[in-house]
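Work through the three exercises below with the sequence and the 3D view at hand. Try each task before reading its solution.

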Amino acid sequence: MIENTICAVATPLGEGGIGIVRLSGPQALSIADQIFQTKKGEKLREIGTYQLRYGKVVDPLSGQMIDEALALVMRAPHSYTAEDVVEIQCHGGVVAVQEVLSLSLKLGAELAEPGEFTKRAFLNGRLDLSQAEAVIDIVRSQTRLGLELAVDQLEGSLSGRMKAIQEPLYQIVVQVEASIDFPEDDLPEVELQEIAETLQWSIQELNTLLATADEGKILREGLKTVITGKPNVGKSSLLNTLLNEKRALVTNIPGTTRDSIEELVNLRGIPLRLIDTAGIRQSNDPVEQLGVARSLDLLQQADLVLHVLDRSEELTAEDFDVMERTRNTRRIVLINKVDLPPLWEVEDLGDVGASPILETSLLQENPELAGELADTILHLVGSGRVQAAAGSRAVITRTRHKQALEKAKGSLQESLATLQGGLPLDLIAVDLYAALEHLGEITGETVRDNVLDRIFAQFCIGK
Ligand SMILES: Nc1nc2c(ncn2[C@@H]2O[C@H](COP(=O)(O)OP(=O)(O)OP(=O)(O)O)[C@@H](O)[C@H]2O)c(=O)[nH]1
Ligand SMILES: [Mg+2]
């Protein structure tokens, strides 16, 4: 049972239509009653859940009116945190909302940490951990598809899948434990066979989930797409074309872009975090050197590289240098300036591995390019599979979940090998417990406190 009451401003800081201070905990109603006077003189602690009252916020010490406001009462357990919650809705602005917050603090509430409201919903059993994580994903989602996945997860798509996998494993544990306690009742061959089949089925289920992880992560975090190439090939022109605005400076002077520029583009539901970078070359200019160093750094972090080349100029060592540096990254080769007479052929590039090659001109508006690139990227990241999987099945969108599933799978494979090797059953039990523990990390049944703190620290204050 959580004893303290927390409060925070739940709306963004700044001017707006309304500004909300949220209180949650055993003293939420009594604190609110000390600063909020309803028009009709009722006490908030006497009204029912989901009731709204009009009134004013008044400093109880000075009697000074702070703002005209509405107070919304949600009683435990029917609230976001499953505790008593009061939301005081002021006229939007910075000062009034801060005043309400500081009065609440004076009266004994504590300032909420980031994500603490959601953490309470988890600790009070209203959400499991994967659902709590979905809340932050909803807040942060950048595309409609990302939002759909997060909402599915909040609705329990992943929790449901976890339960379906865990349940038969628990039954095996019971079976195995019983036979360990009564060794004279060795498990009959049929039962051993059934256990092996169940283990195989669970491993298969985990594989199906794991197959969605790469694309799932992209849908949640966006595809970090780095535009690279030597100077003057048209990198910034590419950014501008895809954004449909003149975001980056474009000149015919090589070395125009110094600092990297990141912009978000929604490509058929896939969030592209598109980054224009300084052209890569040796330079004596210290500012350009910094830019190039940053470009090289970004190449390391890229989920996808768009390597731009200029067909109207001879290929140089610089082009091949970039080609070499990006060899092991998911990559699309973009041959630009095809409106000018060509000085080389595609074959001159040598081996580009599996990278698709597109030819284009970015001199003028090029609406077809976005579509062509979209098709190529969708094909490369295989997100068609995720789009098909989304809606009906759970999709893994977090590295934390992926790692837990991989560990669980490892333990299940161990236990299957033990079983098939005819080794003692207590060895199987050890691996089964490990697998269940890893699966439990996803829903939060078996997660450690420090992991919890890290998860909720990603949230905003007031959520
Ligand atoms: N003819 C022609 N010119 C182009 C094309 N694409 C870009 N350019 C021109 O090439 C020059 C360089 O373009 P940018 O987009 O600034 O090239 P960049 O790769 O960003 O260059 P840096 O920032 O210096 O590395 C500009 O003058 C563009 O107008 C194209 O398809 N055809
Ligand atoms: Mg540029």
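**Exercise 1: a helix and its surroundings**

The model is predicted. Find which elements the buried residues of α9 pack against.

Solution. The buried residues of α9 pack against the strands β8 (223-228), β9 (261-267), β10 (270-276), β11 (304-310) and β12 (331-336), and against the helix α12 (367-381). Next, list the buried residues themselves: Lys 235, Ser 236, Ser 237, Leu 238, Leu 239, Asn 240, Thr 241 and Leu 242. A residue is called buried if 20 or more other C-beta atoms lie within 10 Å of its own. Eight of the nine residues of α9 (residues 235-243) meet this condition, so the helix is largely enclosed by the rest of the structure. Finally, look just past the helix: α9 is followed by Asn 244, which has a positive phi, near 65°.

**Exercise 2: the order of a sheet**

State the strand order of the open sheet of seven strands, and explain why β3 and β7 each have one side without a neighbour in the sheet.

Solution. The order is β3-β4-β5-β6-β2-β1-β7, and the pairing is mixed. β3 (36-38) and β7 (110-111) stand at the edges with a single partner strand each, so one side of each has no neighbour in the sheet.

Now take one pair from inside this order. β1 (residues 6-9) and β2 (residues 18-24) run antiparallel and are joined by four bridges. Ala 8 stands opposite Arg 22 in β2.

**Exercise 3: helices on the sheet**

Which strands does helix α1 touch, and which does helix α2 touch?

Solution. Helix α1 (residues 28-35) packs on the sheet and touches β2, β3, β4 (51-58), β5 (65-74) and β6 (85-91). Its direction makes about 30° with that of β6. Helix α2 (residues 94-106) also packs on the sheet, touching β1, β2, β4, β5, β6 and β7. The direction of α2 makes about 15° with that of β2.

Notes:
Residues are numbered from 1 along each chain as its sequence is written. Chains are lettered from A and ligands numbered from 1 in the order in which they are written. This is a predicted model: local features need pLDDT of at least 70, side-chain atom pairs count only at pLDDT 80 or more; totals for chains, interfaces and linings use all residues. A residue is buried if 20 or more other C-beta atoms lie within 10 Å of its own, exposed if 12 or fewer, and partly exposed in between; C-beta atoms are placed from the backbone. Helices (H or I, at least four residues) and strands (E, at least two) are DSSP runs, numbered from the N terminus. Two residues are in contact if their C-beta atoms, placed from the backbone, lie within 7 Å. Two strands pair if DSSP finds at least two bridges between them. Axes are lines fitted to C-alpha atoms, for helices over the stretch in contact, and angles run from 0 to 180 degrees between N-to-C directions.
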